[in-house]
Amino acid sequence: MAFTYKGAGMKGVAGMDLSEGAEVDRGMGRRGMLRLGLLGLVSTGAGGLLAACGGGDGHGMEPKAATPRLSSVLNFRDVAGADDASAYHNTAGQPLKRGVFYRSNVMLLSDDDAATLAKLGITTAYDLRTTNEASQDPDRLPQGIRYVHMNIFGTPDVVIPPFHTPEETVAAMEEMGRVMVRDAGMRERMGELLRSMASTADAQLFHCTTGKDRTGWVTALLHTIAGVSRDIIMKDYLLTNTYTGGWIEATYQQMLEHNGKAAADLYRPLFGVQQSYLLAEFDEAERGFGSMKNYLTQGLGLKDDEIAQLRDKLLG
């Protein structure tokens, strides 16, 4: 099933063009929306939620500095948790190893943030965006990081069904997630991504535009492979709303001012994440393949040894 994200000139939620539904201000472009996030991100409150997801002393792992918060890349974080005290654990009580996999939104790094990122030992960055997203806002990465474009959708632009009410917007996001799970081409590319992550040495980073949908599903799969509980997976998924909360609110207020409440409410479900988005993906995988293990092996084509490689990386 193919989607086309039609548009009236409002880009930036995930690199999409949006035209179905309410009219929006043509002057509010992707770059402006991304930069709005720099104006109002509030970090207070994130610590408590992060700590609720993990806890413990790392069971003897070498202490590692807390993951830095970047001012120019709002949704940058460690797949294993923000710091040693809040590192995620799997259901067997094993802590995930920090400093192995990082997730993010588009890497439009400032000079200071590029210098910070360069110290983390990241050798490979996977860009999961579409062709047009990647060409319109190219990554700015520190020297020495290998750039790999992995267009998960396989289309020129982000695609989604049309919507005319906030409820339809939520349903469209859920359906986009289901298609990402069941579409054969997307599964093939997702398998290729995870296979590369399994075989690549040193720390790695993966991202899309806002770091929530494509990036969120990849993170959920890594957590599943590590044996993390569904509850913790969901808490980590929803942290996008904490990390990008200032951007979400600023974008909503700008749409409210320029386009009115109907348009702002219509598009707001696109700005962040909701529990139902991730549940739709898990439900589709388990309904279509019988289990998450079958989805990984039959759906994504991963071999048992490749899954084991990823698990070993994640658990140290």
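Student: Which residues are linked in a network of salt bridges?

Tutor: The network joins Glu 174, Glu 175, Arg 178, Arg 182, Glu 284 and Arg 287. This is a predicted model, in which local features need pLDDT of at least 70 and side-chain atom pairs count only at pLDDT 80 or more, while totals for chains, interfaces and linings use all residues. Residues are numbered from 1 along each chain as its sequence is written, and side-chain values use heavy atoms, with hydrogens and water left out.

Student: What makes the pair Arg 182 and Glu 175 a salt bridge?

Tutor: A salt bridge needs a side-chain nitrogen of Lys or Arg within 4 Å of a carboxyl oxygen of Asp or Glu. The closest N and O atoms of Arg 182 and Glu 175 are 2.5 Å apart, so the pair meets the rule. By this rule the count comes to 18 salt bridges.

Student: Why is Glu 175 called buried, and Arg 182 partly exposed?

Tutor: Buried means under 20% relative accessible area, exposed means over 50%, and partly exposed lies in between (1.4 Å probe, protein chains only). Glu 175 has 17%, so Glu 175 is buried. Arg 182 has 33%, and is therefore partly exposed.

Student: How do you know that Glu 286 and Arg 230 form a salt bridge?

Tutor: Their closest N and O atoms are 2.9 Å apart, so the pair falls within the cut-off of 4 Å. Glu 286 lies in helix H12 (residues 275–289) and Arg 230 in helix H8 (residues 230–238), so the salt bridge ties together parts that are 56 residues apart in sequence. A helix here is a DSSP run (H or I, at least four residues), numbered from the N terminus. Glu 286 at 28% and Arg 230 at 36% are both partly exposed.

Student: Where do Asp 265 and Lys 261 lie?

Tutor: Both are in helix H11 (residues 261–271), four residues apart, which is about one turn of the helix. Their side chains meet in a salt bridge, at 2.5 Å from N to O.

Student: Why is Lys 261 called exposed?

Tutor: Its relative accessible area is 53%, so Lys 261 counts as exposed. Asp 265 has 23%, and is therefore partly exposed.

Student: What makes Thr 215 buried?

Tutor: Its relative accessibility is 0%, so Thr 215 counts as buried. Thr 215 belongs to helix H7 (residues 214–226).

Student: Which residues is Thr 215 in contact with, leaving aside its neighbours within four places in sequence?

Tutor: Contact means heavy atoms within 4.5 Å. Thr 215 has such contacts with Arg 103, Ser 104, Leu 128, Phe 206, His 207 and Cys 208.

Conventions
Helix = DSSP H or I, 4+ residues; strand = E, 2+ residues; numbered from the N terminus.
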